[in-house]
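Me: I am in my first year and still learning to read protein structures. Please pick one part of this one, look at it closely with me, and then show me what lies around it.

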Amino acid sequence: MNYYLKISFFIYAFSQLTACSLPQITTRAAMPLIEGGITAINQENDLQLAKDSLPANISLIEGMLINDPGNEQLQLYAAQAYYGYAFGFIEDTDPKRAAKLYIRCYQHTQQVLADYGITQTVLNGTLDTLQNNINSLNKNALPALFWGASCWAKSIDLNRDKARSLAQLPKAVMLMQRVLELDEHYYMSGAHIFFGVYYGSKSPMLGGNYSLSEQHFTQADKANQKKLLIVKLLQAQYLERQRFNQQVFHDLLTHIIQASESLYPEQALINQIAKQKAFLLLKKEDQWF
């Protein structure tokens, strides 16, 4: 009996293995290398090195997706890479190209969202239908919700001249609201940062809420032990600029520039990006105030 059980198990295991093609098997075996690469790039404090290496990493992930198109984790890694590259190195000098990169970023999340029931039909439907589908999601959907909302909102933000694009923003907000409900600390409290920008970037007449914005930025700053400089950068760029608080705007950006290079080794790259952006924003201080 044991002999036949062993044979049956071997046949089952072999059938599962052969269900995947050789390229798929190779791709999945290489996943730890991608994960290690993400950790390494997050710890990189040389901006030029990071900027030069990210396109090659994106091409590598895209190539792996050709071999394994249904790989959800790779789709999310691709979205994250496009977002980081566009935000960190393209947006300030070429916003039109950045907008296209954010769209590609969002496209990578669509398949993963669809696997959780947030199909394109649902996204194109009514707000009530979308909300009902979102409400059914649990923490397993956090990465898809977070990167879907982040990429979608950035593509909309850089296409503000298109009314049809702006009309989609409430749906992106709904995705991120679910992230906040499921785990407010997910990805360095990214949902709090998102809503700090969302409520701070508009005047109260247009739906902004400076008090809520400040609360979200404060929550994100506290959760990251005041080590994630991008929180202060976005507060200055969106909230303090919007409410014409020049002194706070200036102080926040100066604090970022003067912060220690070793403040947050695990997130050295995003802190270096924050420093670079703070320098550029300070150049616009006289123009804005």
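**A close look at Leu 234 and its surroundings**

Reply: Let's start at Leu 234, which, once residues within four places in sequence are set aside, is in contact with Phe 87, Ile 193, Val 197, Phe 217 and Leu 239. Please keep in mind that you are looking at a predicted model. Leu 234 belongs to the largest nonpolar core, a set of 81 residues. Together with Phe 89 and Ile 230, Leu 234 is among the residues with the most contacts inside that core. There is also a second, separate core of nine residues, and its members include Ile 34, Met 64, Leu 65 and Tyr 77. A general tendency is worth remembering here: in soluble globular proteins, nonpolar side chains tend to be buried together.

Now follow one of those contacts. Phe 87, a partner of Leu 234, is also part of an aromatic cluster. The other members of this cluster are Tyr 83, Tyr 102, Phe 146, Trp 147, Tyr 186 and Tyr 187. Across the whole structure, a search finds 16 aromatic pairs. One that you can try to find is Phe 195 with Tyr 198: the ring centres are 6.2 Å apart and the planes stand at 90°, so this pair is edge-to-face. Both residues sit in helix α12, which covers residues 186-200. They are three residues apart there, so about one helical turn separates them. Is Phe 195 buried or exposed? Phe 195 is buried, because its relative accessibility is 1%.

Next, let's turn to the charged side chains. How many salt bridges does the structure hold? There are seven. One of them joins Asp 221 and Lys 232, with N and O 3.0 Å apart. This pair links distant parts of the chain, since Asp 221 is in helix α13 and Lys 232 is in helix α14, eleven residues apart. Asp 221 and Lys 232 are both buried.

Another salt bridge connects Arg 243 with Glu 214, and here the closest N and O atoms are 3.3 Å apart. Arg 243 is in the loop between α14 (229-242) and α15, while Glu 214 is in helix α13 (residues 210-223), so the pair ties together parts that are 29 residues apart in sequence. Arg 243 is partly exposed, with 27% relative accessible area, and Glu 214 is partly exposed as well, at 34%. Arg 243 has a further partner in Glu 240, with the closest N and O atoms 2.9 Å apart. Glu 240 counts as buried because its relative accessibility is 0%. Through shared partners, Glu 214, Glu 240 and Arg 243 become one network of salt bridges.

From here, move along the chain to helix α16, which spans residues 268-282 and holds Leu 280. Leu 282 is in helix α16 too. Setting aside residues within four places in sequence, Leu 282 is in contact with His 250, Leu 253, Thr 254 and Ile 257. Leu 282 and Leu 253 are 29 residues apart in sequence, yet their C-alpha atoms are 7.0 Å apart in space. With a relative accessible area of 23%, Leu 282 is partly exposed. Leu 280 is partly exposed too, at 33%. What does Leu 280 form with Ile 257 and Phe 279? They make a nonpolar patch on the surface, and together they have about 250 Å² of accessible area.

Finally, look at the loop between α15 (246-258) and α16, where you will find Gln 267. Gln 267 is buried, because its relative accessibility is 14%. Apart from residues up to four places away in sequence, Gln 267 touches Asn 42, Met 188 and Leu 228. Another pair to find is Glu 266 and Thr 39: they are 227 residues apart in sequence, but 7.9 Å apart in space from C-alpha to C-alpha. Thr 39 belongs to helix α3 (residues 31-42) and is partly exposed, with a relative accessible area of 43%.

Terms used:
Residues are numbered from 1 along each chain as its sequence is written. This is a predicted model: local features need pLDDT of at least 70, side-chain atom pairs count only at pLDDT 80 or more; totals for chains, interfaces and linings use all residues. Side-chain values use heavy atoms; hydrogens and water are left out. Patches are made of residues with over 30% relative accessible area and no salt bridge: like charges are joined within 9 Å, nonpolar side chains (Val, Leu, Ile, Met, Phe, Trp, Tyr) within 5 Å. Accessible areas come from the Shrake-Rupley method with a 1.4 Å probe; for residues, only the protein chains shown count as cover. A salt bridge is a side-chain nitrogen of Lys or Arg within 4 Å of a carboxyl oxygen of Asp or Glu. Helices (H or I, at least four residues) and strands (E, at least two) are DSSP runs, numbered from the N terminus. Buried means under 20% relative accessible area, exposed over 50%, partly exposed in between (1.4 Å probe, protein chains only). A nonpolar core is a set of buried Ala, Val, Leu, Ile, Met, Phe, Trp, Tyr and Cys residues joined through side-chain atoms within 4.5 Å. Contact means heavy atoms within 4.5 Å. Rings of Phe, Tyr and Trp (its six-membered ring) pair if their centres lie within 6.5 Å; planes under 30 degrees apart count as stacked, over 60 as edge-to-face and the rest as tilted.
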